[in-house]
Amino acid sequence: MPSLTLADLDQRPELAPAVLALFAAAPPGAHHLVCGLPAAMGQEPTAEILARTSGMLLALSGRQVAGAIGICPYSEDQVTLWGPATAQAAVAEFLFTSTREALHLSRFGSMRALIDTRNREQRAFYRAHGFAAWKDNHLYECVLETRTSTGTVSRGSLAFKVRAATTRDHNAVISILTRAFPDSDHCLPSLAKREADGYRHYVLEEAGTVVAAAAVQDAGRRGWLKLIAVKPELRGRQLSRRLLEGVLASESRRGKRTMALEVLADNAPAIALYEHAGFRRKWTATIMTGPV
Ligand SMILES: CC(C)(COP(=O)(O)OP(=O)(O)OC[C@H]1O[C@@H](n2cnc3c(N)ncnc32)[C@H](O)[C@@H]1OP(=O)(O)O)[C@@H](O)C(=O)NCCC(=O)NCCS
(Lines give C-alpha, C1' and ligand atoms only; values in the text may rest on other atoms or scores of the structure.)
Protein backbone atom coordinates (compact mmCIF):
# COMPACT_ATOMS: atom_id res chain seq x y z
CA MET A 1 0.00 0.00 0.00
CA PRO A 2 1.36 3.50 -0.82
CA SER A 3 2.03 5.62 2.26
CA LEU A 4 -0.92 7.43 3.76
CA THR A 5 -1.30 11.18 3.91
CA LEU A 6 -3.73 13.13 6.02
CA ALA A 7 -6.21 15.60 4.53
CA ASP A 8 -9.14 17.63 5.79
CA LEU A 9 -12.42 17.53 3.90
CA ASP A 10 -12.74 21.32 4.34
CA GLN A 11 -9.64 21.69 2.18
CA ARG A 12 -10.61 18.95 -0.29
CA PRO A 13 -14.40 19.39 -0.77
CA GLU A 14 -14.24 17.57 -4.11
CA LEU A 15 -13.65 14.36 -2.11
CA ALA A 16 -17.08 14.52 -0.40
CA PRO A 17 -18.69 11.87 -2.69
CA ALA A 18 -15.92 9.39 -1.85
CA VAL A 19 -16.35 10.08 1.87
CA LEU A 20 -20.13 9.67 1.63
CA ALA A 21 -19.63 6.32 -0.11
CA LEU A 22 -17.43 5.11 2.76
CA PHE A 23 -20.04 5.96 5.41
CA ALA A 24 -22.93 4.71 3.26
CA ALA A 25 -21.17 1.33 3.20
CA ALA A 26 -21.64 1.13 6.99
CA PRO A 27 -25.45 1.39 7.50
CA PRO A 28 -27.30 -0.09 10.52
CA GLY A 29 -26.27 -3.72 10.93
CA ALA A 30 -23.18 -5.71 11.87
CA HIS A 31 -20.77 -3.14 10.41
CA HIS A 32 -22.74 -0.05 11.33
CA LEU A 33 -20.80 3.13 12.08
CA VAL A 34 -23.21 5.20 14.18
CA CYS A 35 -23.17 8.85 13.15
CA GLY A 36 -21.90 11.13 15.91
CA LEU A 37 -24.55 13.75 15.06
CA PRO A 38 -27.64 12.47 16.93
CA ALA A 39 -30.28 13.80 14.54
CA ALA A 40 -28.50 12.10 11.62
CA MET A 41 -28.20 8.68 13.27
CA GLY A 42 -29.34 5.90 10.95
CA GLN A 43 -29.97 8.24 8.03
CA GLU A 44 -28.38 7.99 4.63
CA PRO A 45 -25.27 10.22 4.87
CA THR A 46 -25.49 13.44 2.85
CA ALA A 47 -23.18 16.36 2.10
CA GLU A 48 -25.29 18.44 4.49
CA ILE A 49 -24.65 15.92 7.30
CA LEU A 50 -20.90 15.97 6.57
CA ALA A 51 -20.99 19.77 6.78
CA ARG A 52 -22.42 19.61 10.30
CA THR A 53 -19.40 17.74 11.70
CA SER A 54 -16.68 19.81 13.37
CA GLY A 55 -14.12 18.15 11.14
CA MET A 56 -13.70 15.25 8.75
CA LEU A 57 -10.19 13.81 8.49
CA LEU A 58 -9.28 11.77 5.45
CA ALA A 59 -6.56 9.19 4.86
CA LEU A 60 -5.34 9.44 1.29
CA SER A 61 -3.54 6.59 -0.41
CA GLY A 62 -2.17 8.21 -3.50
CA ARG A 63 -5.20 10.07 -4.86
CA GLN A 64 -7.72 7.64 -3.37
CA VAL A 65 -9.67 8.24 -0.16
CA ALA A 66 -8.74 5.15 1.84
CA GLY A 67 -10.70 6.13 4.95
CA ALA A 68 -12.38 8.91 6.89
CA ILE A 69 -13.24 9.81 10.47
CA GLY A 70 -15.73 12.45 11.57
CA ILE A 71 -15.28 14.62 14.66
CA CYS A 72 -18.70 15.68 15.87
CA PRO A 73 -19.53 18.35 18.45
CA TYR A 74 -20.87 17.02 21.75
CA SER A 75 -20.06 19.28 24.71
CA GLU A 76 -17.60 21.94 25.78
CA ASP A 77 -14.90 19.36 26.54
CA GLN A 78 -15.98 16.24 24.66
CA VAL A 79 -16.39 15.25 21.02
CA THR A 80 -18.09 12.24 19.44
CA LEU A 81 -16.19 10.28 16.79
CA TRP A 82 -17.91 8.91 13.70
CA GLY A 83 -15.94 6.04 12.18
CA PRO A 84 -13.21 5.42 11.24
CA ALA A 85 -14.81 4.36 7.96
CA THR A 86 -12.37 2.10 6.13
CA ALA A 87 -11.92 -1.55 5.31
CA GLN A 88 -8.22 -1.48 6.25
CA ALA A 89 -6.90 -1.82 9.79
CA ALA A 90 -3.76 0.25 9.04
CA VAL A 91 -5.91 3.10 7.75
CA ALA A 92 -8.15 2.99 10.83
CA GLU A 93 -5.05 3.15 13.02
CA PHE A 94 -3.64 6.08 11.05
CA LEU A 95 -6.91 8.03 11.25
CA PHE A 96 -7.45 7.40 14.94
CA THR A 97 -3.87 8.40 15.84
CA SER A 98 -4.16 11.53 13.68
CA THR A 99 -7.44 12.46 15.39
CA ARG A 100 -5.90 12.08 18.81
CA GLU A 101 -2.95 14.25 17.81
CA ALA A 102 -5.28 16.92 16.42
CA LEU A 103 -7.39 16.90 19.58
CA HIS A 104 -4.28 17.17 21.80
CA LEU A 105 -3.96 20.70 20.48
CA SER A 106 -7.61 21.51 21.26
CA ARG A 107 -9.64 22.22 24.39
CA PHE A 108 -11.22 18.76 24.34
CA GLY A 109 -10.27 16.43 27.18
CA SER A 110 -12.10 13.28 26.15
CA MET A 111 -13.83 11.52 23.29
CA ARG A 112 -16.89 9.34 22.93
CA ALA A 113 -18.10 6.98 20.24
CA LEU A 114 -21.40 5.17 19.85
CA ILE A 115 -20.81 1.55 18.91
CA ASP A 116 -23.74 -0.43 17.48
CA THR A 117 -23.95 -3.48 19.77
CA ARG A 118 -23.80 -5.69 16.64
CA ASN A 119 -20.46 -4.20 15.55
CA ARG A 120 -18.06 -6.31 17.61
CA GLU A 121 -15.08 -5.34 15.49
CA GLN A 122 -15.50 -1.64 16.18
CA ARG A 123 -16.03 -2.26 19.88
CA ALA A 124 -12.71 -4.18 19.98
CA PHE A 125 -11.00 -1.33 18.08
CA TYR A 126 -12.10 1.28 20.59
CA ARG A 127 -11.30 -0.96 23.57
CA ALA A 128 -7.78 -1.39 22.19
CA HIS A 129 -7.48 2.41 22.16
CA GLY A 130 -8.32 2.86 25.83
CA PHE A 131 -12.08 3.40 25.52
CA ALA A 132 -14.48 1.91 28.07
CA ALA A 133 -18.22 1.30 27.88
CA TRP A 134 -20.33 3.87 29.74
CA LYS A 135 -24.01 3.15 29.04
CA ASP A 136 -26.23 1.69 26.36
CA ASN A 137 -28.30 4.01 24.25
CA HIS A 138 -31.35 3.03 22.16
CA LEU A 139 -32.49 4.61 18.93
CA TYR A 140 -36.27 4.71 18.59
CA GLU A 141 -38.40 5.68 15.62
CA CYS A 142 -42.12 6.27 15.11
CA VAL A 143 -44.19 6.63 11.92
CA LEU A 144 -46.43 9.71 12.09
CA GLU A 145 -48.94 9.25 9.28
CA THR A 146 -51.90 8.35 11.47
CA ARG A 147 -51.61 11.22 13.96
CA THR A 148 -54.70 13.41 13.95
CA SER A 149 -54.87 14.77 17.52
CA THR A 150 -55.34 18.51 17.88
CA GLY A 151 -53.06 18.54 20.89
CA THR A 152 -55.71 20.11 23.14
CA VAL A 153 -57.32 17.84 25.70
CA SER A 154 -59.83 18.55 28.46
CA ARG A 155 -60.29 16.35 31.49
CA GLY A 156 -62.75 17.42 34.19
CA SER A 157 -62.27 21.07 35.04
CA LEU A 158 -58.58 21.16 34.07
CA ALA A 159 -57.62 22.14 30.55
CA PHE A 160 -54.39 20.82 29.07
CA LYS A 161 -52.92 22.44 26.04
CA VAL A 162 -49.91 21.57 23.92
CA ARG A 163 -48.56 24.44 21.86
CA ALA A 164 -45.38 25.82 20.34
CA ALA A 165 -43.40 27.85 22.86
CA THR A 166 -43.24 31.59 22.35
CA THR A 167 -40.40 33.80 23.55
CA ARG A 168 -42.53 34.55 26.63
CA ASP A 169 -42.30 30.84 27.56
CA HIS A 170 -38.53 30.66 27.22
CA ASN A 171 -37.75 31.16 30.91
CA ALA A 172 -40.23 28.45 31.91
CA VAL A 173 -38.80 26.08 29.27
CA ILE A 174 -35.22 26.78 30.39
CA SER A 175 -36.17 26.12 34.01
CA ILE A 176 -37.77 22.75 33.17
CA LEU A 177 -34.98 21.59 30.82
CA THR A 178 -32.08 22.64 33.04
CA ARG A 179 -33.61 20.96 36.10
CA ALA A 180 -34.10 17.76 34.09
CA PHE A 181 -30.72 17.88 32.31
CA PRO A 182 -28.30 19.88 34.47
CA ASP A 183 -25.31 18.83 32.31
CA SER A 184 -26.90 19.62 28.96
CA ASP A 185 -25.95 22.79 27.13
CA HIS A 186 -29.23 22.73 25.22
CA CYS A 187 -30.37 26.10 26.56
CA LEU A 188 -27.09 27.83 25.66
CA PRO A 189 -26.51 30.46 24.49
CA SER A 190 -30.29 31.02 24.37
CA LEU A 191 -33.44 29.28 23.17
CA ALA A 192 -33.86 32.00 20.54
CA LYS A 193 -30.46 31.05 19.08
CA ARG A 194 -31.42 27.37 19.23
CA GLU A 195 -34.63 28.09 17.36
CA ALA A 196 -32.66 30.02 14.74
CA ASP A 197 -30.50 26.86 14.40
CA GLY A 198 -33.53 24.65 13.62
CA TYR A 199 -34.99 23.65 16.99
CA ARG A 200 -38.68 23.95 17.89
CA HIS A 201 -39.80 24.11 21.50
CA TYR A 202 -43.18 22.92 22.72
CA VAL A 203 -44.91 23.34 26.06
CA LEU A 204 -47.70 21.60 27.91
CA GLU A 205 -49.91 23.98 29.86
CA GLU A 206 -52.07 22.82 32.71
CA ALA A 207 -54.64 25.45 33.68
CA GLY A 208 -52.50 28.14 32.06
CA THR A 209 -49.18 27.13 33.69
CA VAL A 210 -46.31 25.55 31.76
CA VAL A 211 -45.68 22.15 33.36
CA ALA A 212 -43.63 20.30 30.73
CA ALA A 213 -41.47 21.11 27.72
CA ALA A 214 -39.97 19.42 24.69
CA ALA A 215 -37.45 20.28 21.99
CA VAL A 216 -37.54 18.97 18.42
CA GLN A 217 -34.68 19.36 15.96
CA ASP A 218 -35.49 19.73 12.31
CA ALA A 219 -33.62 17.03 10.42
CA GLY A 220 -35.18 16.69 6.96
CA ARG A 221 -38.20 14.40 6.56
CA ARG A 222 -37.47 12.88 9.94
CA GLY A 223 -37.95 15.01 13.04
CA TRP A 224 -35.65 14.43 16.01
CA LEU A 225 -37.09 14.56 19.52
CA LYS A 226 -34.14 16.05 21.34
CA LEU A 227 -35.54 16.46 24.86
CA ILE A 228 -38.77 16.07 26.78
CA ALA A 229 -39.20 16.80 30.47
CA VAL A 230 -41.84 17.35 33.12
CA LYS A 231 -41.40 19.49 36.23
CA PRO A 232 -39.92 17.09 38.82
CA GLU A 233 -42.73 17.63 41.34
CA LEU A 234 -45.37 16.78 38.70
CA ARG A 235 -43.88 13.55 37.33
CA GLY A 236 -45.80 10.26 37.47
CA ARG A 237 -49.10 11.82 36.31
CA GLN A 238 -48.66 10.96 32.62
CA LEU A 239 -48.29 14.61 31.69
CA SER A 240 -45.49 13.70 29.30
CA ARG A 241 -47.91 11.50 27.33
CA ARG A 242 -50.14 14.49 26.68
CA LEU A 243 -47.20 16.61 25.64
CA LEU A 244 -45.71 13.95 23.37
CA GLU A 245 -49.05 13.28 21.62
CA GLY A 246 -49.37 17.01 20.90
CA VAL A 247 -45.78 17.27 19.67
CA LEU A 248 -46.20 14.29 17.32
CA ALA A 249 -49.49 15.65 15.95
CA SER A 250 -47.90 19.04 15.32
CA GLU A 251 -44.82 17.54 13.66
CA SER A 252 -47.06 15.39 11.49
CA ARG A 253 -48.96 18.49 10.36
CA ARG A 254 -45.63 20.08 9.50
CA GLY A 255 -45.02 17.25 7.05
CA LYS A 256 -42.71 15.02 9.07
CA ARG A 257 -43.14 11.37 8.14
CA THR A 258 -41.27 9.93 11.10
CA MET A 259 -39.83 11.01 14.42
CA ALA A 260 -36.76 9.51 16.02
CA LEU A 261 -34.90 9.89 19.28
CA GLU A 262 -32.13 8.41 21.40
CA VAL A 263 -32.69 7.38 24.98
CA LEU A 264 -30.38 5.87 27.59
CA ALA A 265 -31.26 2.24 28.21
CA ASP A 266 -31.56 2.86 31.96
CA ASN A 267 -34.19 5.62 31.59
CA ALA A 268 -37.23 3.41 32.27
CA PRO A 269 -39.87 6.16 32.54
CA ALA A 270 -38.80 7.67 29.21
CA ILE A 271 -38.75 4.28 27.46
CA ALA A 272 -42.25 3.50 28.78
CA LEU A 273 -43.41 6.89 27.50
CA TYR A 274 -41.97 6.40 24.01
CA GLU A 275 -43.17 2.82 23.59
CA HIS A 276 -46.66 3.80 24.69
CA ALA A 277 -46.65 6.56 22.05
CA GLY A 278 -45.82 4.04 19.30
CA PHE A 279 -42.04 4.40 19.05
CA ARG A 280 -40.19 1.19 18.17
CA ARG A 281 -36.57 0.39 18.98
CA LYS A 282 -34.34 0.27 15.89
CA TRP A 283 -31.00 -0.58 17.44
CA THR A 284 -28.85 -0.16 20.52
CA ALA A 285 -25.41 1.42 20.70
CA THR A 286 -22.95 1.38 23.56
CA ILE A 287 -21.56 4.78 24.46
CA MET A 288 -17.81 4.34 24.88
CA THR A 289 -15.59 7.08 26.22
CA GLY A 290 -11.84 7.51 26.25
CA PRO A 291 -9.11 10.09 26.85
CA VAL A 292 -7.76 12.35 24.16
C1 LIG B 1 -39.41 10.84 31.28
C2 LIG B 1 -40.46 11.83 31.82
C3 LIG B 1 -40.62 12.93 30.79
C4 LIG B 1 -41.77 11.08 31.99
O5 LIG B 1 -42.74 12.03 32.41
P6 LIG B 1 -44.00 11.68 33.34
O7 LIG B 1 -45.13 12.54 32.92
O8 LIG B 1 -43.61 11.71 34.74
O9 LIG B 1 -44.29 10.19 32.87
P10 LIG B 1 -45.51 9.26 33.20
O11 LIG B 1 -46.19 9.66 34.47
O12 LIG B 1 -46.40 9.13 32.00
O13 LIG B 1 -44.72 7.92 33.37
C14 LIG B 1 -44.13 7.36 32.20
C15 LIG B 1 -44.08 5.87 32.36
O16 LIG B 1 -42.92 5.55 33.15
C17 LIG B 1 -43.32 4.68 34.19
N18 LIG B 1 -42.40 4.96 35.27
C19 LIG B 1 -42.37 6.04 36.05
N20 LIG B 1 -41.32 5.94 36.90
C21 LIG B 1 -40.72 4.76 36.64
C22 LIG B 1 -39.60 4.07 37.16
N23 LIG B 1 -38.86 4.61 38.13
N24 LIG B 1 -39.27 2.89 36.63
C25 LIG B 1 -40.00 2.34 35.63
N26 LIG B 1 -41.06 2.95 35.07
C27 LIG B 1 -41.42 4.14 35.58
C28 LIG B 1 -44.75 5.02 34.46
O29 LIG B 1 -45.42 3.93 35.07
C30 LIG B 1 -45.26 5.25 33.05
O31 LIG B 1 -45.46 4.00 32.40
P32 LIG B 1 -46.86 3.64 31.76
O33 LIG B 1 -47.08 4.72 30.71
O34 LIG B 1 -46.65 2.32 31.15
O35 LIG B 1 -47.83 3.70 32.89
C36 LIG B 1 -40.05 12.43 33.20
O37 LIG B 1 -39.73 11.35 34.05
C38 LIG B 1 -38.88 13.38 33.14
O39 LIG B 1 -39.05 14.59 32.97
N40 LIG B 1 -37.63 12.86 33.32
C41 LIG B 1 -36.42 13.67 33.26
C42 LIG B 1 -36.06 14.03 31.83
C43 LIG B 1 -35.88 12.82 30.94
O44 LIG B 1 -35.21 11.85 31.27
N45 LIG B 1 -36.48 12.90 29.71
C46 LIG B 1 -36.43 11.80 28.74
C47 LIG B 1 -35.17 11.79 27.95
S48 LIG B 1 -35.05 13.18 26.85
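**Ligand shell and strand pairing**

Trainee: In this predicted model, how far is an oxygen atom of the ligand from an N or O atom in the side chain of N267?

Mentor: The contact to look for joins an oxygen atom of the ligand to an N or O atom that belongs to the side chain of N267. A pair of N or O atoms counts as a polar contact within 3.5 Å. The separation given for this pair is 2.8 Å.

Trainee: What share of the ligand's area does the protein bury?

Mentor: We begin with the ligand taken alone, which exposes 960 Å². Of that area, the part buried by the protein is 68%.

Trainee: Which element gives the most residues to the shell around the ligand?

Mentor: The elements that each supply two or more residues to this shell are β11 (222-230), α7 (239-253) and α8 (268-276). With five residues, the element that gives the most is α8.

Trainee: Which class of residue has 12 members in the shell around the ligand?

Mentor: There are 19 residues around the ligand, and among those that come nearest are I228 and G236. Sorted by class, the shell has three charged residues and four polar ones, while the class with 12 members is nonpolar.

Trainee: Away from the ligand, how many bridges join strand β6 to β13?

Mentor: Strand β6 (residues 132-143) runs antiparallel to β13, and within this pairing N137 stands opposite A285, while D136 has T286 as its bridge partner. Strand β6 also pairs with β12 (residues 258-264) in the antiparallel sense, over seven bridges. Between β6 and β13, the number of bridges is nine.

Key: Residues numbered from 1 in each chain as written. Predicted model: local features only at pLDDT ≥ 70, side-chain atom pairs only at ≥ 80, totals over all residues. Heavy atoms only, no water. Pairing = 2+ DSSP bridges. Helix = DSSP H or I, 4+ residues; strand = E, 2+ residues; numbered from the N terminus. Near = heavy atom within 4 Å. Polar contact = N/O pair within 3.5 Å; in protein donor to acceptor, adjacent residues only side chain to side chain. Areas by Shrake-Rupley, 256 points an atom, 1.4 Å probe, with all protein chains shown as cover. Nonpolar A, V, L, I, M, F, W, Y, C, P; charged D, E, K, R; others polar.
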